[in-house]
Amino acid sequence: MTQLTLEAIREQLTELNFNAENIRMITVEAMDDALLESCTTKEDESFYNSYMNVIYQKGERYVLGYRCNEEKIIDQAIIKIGDKYFDPTEQSKGDFKPYQFAFLTEFKVFDMMKNAKSNKDFPPDVDFLFTRAKHYKNIINKAK
């Protein structure tokens with residue numbers, strides 16, 4: 001695991017056509033083992049897992065952004081419960097360490113499902129945000 005500097009994260013976000021200065025950083029924490037056991041945690045399927053976990057009320061919000069614990073930032077979906085953020089997909093791999101996450105947007109269950117319906121039944125992802133760039137002008141520099 002690599003801890004990127006805020007400057008390095010902002011550079012990578014800018015290269016991906018985001019307004020890096022408008023994107024807030026959050027910390028993804030470890031969730032309680034009992035809750036993790038009840039979550040959907042298919043390996044390397046963060047979008048699907050987070051989507052299912054919000055549908056089945058294991059999380060309150062579906063959150064899109066970038067995991068910032070590798071050399072290159074990685075697009076990822078996580079869940080929010082209260083004011084805390086969790087990543088059942090990564091935590092289920094074991095030896096989980098809290099990490100920084102570049103927060104793009106979050107969806108309530110209804111909005112998440114509505115957007116998935118218009119996205120060929122695929123949970124909203126970063127590409128989906130670019131197809132709706134006019135709605136995300138605060139974080140997107142320009143459409144891809």
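## Exercises on a predicted chain

The accessible surface of the protein chain comes to about 8,000 Å² (Shrake-Rupley method, 1.4 Å probe), and 47% of this surface belongs to carbon and sulfur atoms. This is a predicted model, in which local features need pLDDT of at least 70 and side-chain atom pairs count only at pLDDT 80 or more, while totals for chains, interfaces and linings use all residues. Residues are numbered from 1 along each chain as its sequence is written, and side-chain values use heavy atoms, with hydrogens and water left out.

**Exercise 1.** Determine which radius of gyration a compact globule of 144 residues would have, and compare the protein chain with it.

*Solution.* The rule, applied to C-alpha atoms, is 2.2 Å times the number of residues to the power 0.38. For 144 residues a compact globule would therefore have a radius of gyration near 15 Å, and the 14 Å of the protein chain agrees with this. As a further step, the C-alpha trace spans about 40 × 35 × 25 Å along its principal axes.

**Exercise 2.** Work out how strand β2 is covered and which strands pair with it.

*Solution.* Begin with cover: β2 (residues 61–67; strands are DSSP E runs of at least two residues) has 6 of its 7 residues buried, that is, under 20% relative accessible area with a 1.4 Å probe, protein chains only. Next, β2 pairs in the antiparallel sense with β3 (residues 74–81) over 7 bridges, where pairing requires at least two DSSP bridges; L64 has A77 as its bridge partner in β3, and 6 residues lie between the two strands of this hairpin. Finally, β2 pairs with β5 (residues 99–107), also in the antiparallel sense, over 6 bridges, with F103 in β5 as the bridge partner of G65.

Technical notes
Buried means under 20% relative accessible area, exposed over 50%, partly exposed in between (1.4 Å probe, protein chains only). Helices (H or I, at least four residues) and strands (E, at least two) are DSSP runs, numbered from the N terminus.
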